[in-house]
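Student: Could you take a close look at one part of this structure for me, and then show me how that part sits within the whole? I would love one connected walk-through.

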Amino acid sequence: MITKRQIADILTSYNTDELSIATVCSHSSLQIFDGARKEGFKTIGICIGKPPRFYDAFPKAKPDEFIVVDNYEEIIDIAPLLQEKNAIVIPHGSFVEYMGADRFLEFAVPTFGNRAVLDWESDRVKEREWLESAGIHMPRLVEPEDINGPVMVKYHGAKGGRGFFVAKNYEEFLANIDRSQKYTIQEFIVGTRYYLHYFYSPLKTEGYKLSKGTLEMLSMDRRVESNADEIFRLGSPKELEEAGVYPTYVVTGNVPLVARESLLPKIFALGEMVVEESLSRFGGMIGPFCLETVFTDQLEIKVFEISARIVAGTNIYTNGSPYSDLIEENLSTGRRIAQEIKMGAKLNKLEEIVS
């Protein structure tokens, strides 16, 4: 992985009065570009083959310029060009997944956030070690031969909902498992899924204070998954199974949510525990992250995964959410990222929020 020292050396050549914000044209790029422009930054869209036409339909979110590469593997080669443009890269799930973790870790451009988190986030074993050490309640792990009820089988890494399946017994597990990939098996928790969108700032001193910096809760969502969200219109689970029809969980969109206000102390406590443990383990997460949870009918919150960067569920809040509006009107996660970069430049502390 490129070192903090190397990134700091690159930053010395930057004109911080002329910073630009760059990301790959996918995932959450519309709100990233829109938020950056609202905060006065130039924007750069990195795209494959040619600029996507849909940006012409959204002029407020269209990048000021595009950099075109033939494939995601070539993104690492445009590092010198991005440096010339004083670019700060905003990673999102598609960026990291398509470019490849190894290339991303060597990408010689200042990147918002702490790249060290990728090692803990993408490995299910290390992710569990991190979260459970923080005091987080997670679904119980199950061995394949011990499956005697619904379980969630998850592959390592982010795959947009394709990285897991449900099995109810050992036979179903054997029928669906891809042995070439690393995986974990968790008990299936019955409840309502909430994806909680936080923002950790090491720079702010006012707000929900942690040992260093502050924690914000910007929004929350639930994923729309195909075909799981509609399949049961065809019949009961048993009838579907007899017909050879099984649910899949490919994410196709997102639905806005708010939680009972009485649950907010628990929600903030979860975010606080995760951030504090990250500070002690690898220097902390920086910026947006998402705890992927299930709320049970006993009002317990089980965390089954973490995404340590902006998630696509924040796209439904380009002009703010019921929560972020209580911080600042029209505050999207993309705009909040731009604000943190602006603050880092103003305080001469960019080194503290990029890697």
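**A helix and its surroundings**

Tutor: Happy to! Let's start at N330, which is partly exposed because its relative accessible area is 37%, between the 20% and 50% cut-offs. The model is a predicted one. N330 is found in the loop that runs between β13 (residues 301-307) and helix α11. Its backbone deserves a look, too: N330 has a positive phi of about 60 degrees although it is not a glycine.

From that loop we come to the part I would like to dwell on, α11, which covers residues 333-346. The helix has 14 residues, and from its first C-alpha to its last it reaches 20 Å, close to the 20 Å expected at 1.5 Å a residue. Just after α11 there is again a positive phi, this time at N348, with a value of about 60 degrees.

How enclosed is α11? Of its 14 residues, 10 are buried, so the helix is largely enclosed by the rest of the structure. The buried residues are T333, G334, R335, R336, I337, A338, Q339, E340, I341 and G344. Notice that this list includes the charged residues R335, R336 and E340. As for what does the enclosing, the buried residues of α11 pack against strands β1, β4 (87-89), β8 (192-201), β10 (214-227) and β12 (287-295), and also against helix α2 (29-38).

T333 lets you see this packing at the level of one residue. T333 is placed in α11 and counts as buried, because its relative accessible area is 5%, under the 20% cut-off. Leaving aside residues up to four places away in sequence, T333 touches Q31, L218, P288, I310 and T314.

Now follow one of those partners, β1, away from the helix. Strand β1 spans residues 20-24, and S20 has its place there. S20 is buried, with a relative accessible area of 3%. Beyond residues up to four places away in sequence, S20 touches K42, I44, K85, N86, A87 and I88. Among these contacts is N86, a residue in the loop between α3 and β4. N86 has a positive phi of about 55 degrees although it is not a glycine. Unlike the partly exposed N330, N86 is buried, with a relative accessible area of 11%.

K42, another contact of S20, leads on to D64, which touches R37, F41, K42 and T43 when residues up to four places away in sequence are not counted. D64 is placed in the loop between β2 (42-48) and β3, and it is partly exposed, with a relative accessible area of 47%. Past β3 (65-69), in the loop that leads to α3 (79-84), you will find Y72. Y72 touches V24, I48, Y98 and M99, again not counting residues up to four places away in sequence.

For a second helix to set beside α11, look at α10, residues 264-282. Its 19 residues should span 27 Å at 1.5 Å a residue, and the end C-alpha atoms are 27 Å apart, which agrees. L264, I267, F268, L270, G271, V274, V275, E277, S278 and F282 are its buried residues. Just after α10 comes G283, with a positive phi of about 85 degrees. I267 also gives a sense of scale: D64 and I267 are 203 residues apart in sequence and 38 Å apart in space, C-alpha to C-alpha. For Y72 and D229, the separations are 157 residues in sequence and 32 Å in space.

Finally, step back to the chain as a whole. Its secondary structure comes to 11 helices and 13 strands. The radius of gyration is 21 Å, close to the 20 Å that the globule rule gives for 355 residues, so the chain is as compact as a globular protein of that length. Along the principal axes, the C-alpha atoms fill a box of roughly 65 × 45 × 35 Å. Of the 355 residues, 51% count as buried. Among contacts with a separation of 6 or more, 65% join residues 24 or more positions apart. The accessible surface comes to about 16400 Å², and carbon and sulfur atoms account for 50% of it. As for charge, there are 40 positive and 52 negative side chains, and the centres of the two sets lie 3 Å apart.

Definitions and conventions:
Residues numbered from 1 in each chain as written. Predicted model: local features only at pLDDT ≥ 70, side-chain atom pairs only at ≥ 80, totals over all residues. Heavy atoms only, no water. Helix = DSSP H or I, 4+ residues; strand = E, 2+ residues; numbered from the N terminus. Rg over C-alpha atoms; globule rule 2.2 N^0.38 Å. Buried < 20%, exposed > 50% of the residue type's maximum accessible area, 1.4 Å probe, protein only. Contact = heavy atoms within 4.5 Å. Areas by Shrake-Rupley, 256 points an atom, 1.4 Å probe, with all protein chains shown as cover. Lys, Arg positive; Asp, Glu negative; His and termini not counted. Charge placed at Lys NZ, Arg CZ, Asp CG, Glu CD. Expected span 1.5 Å × (residues − 1).
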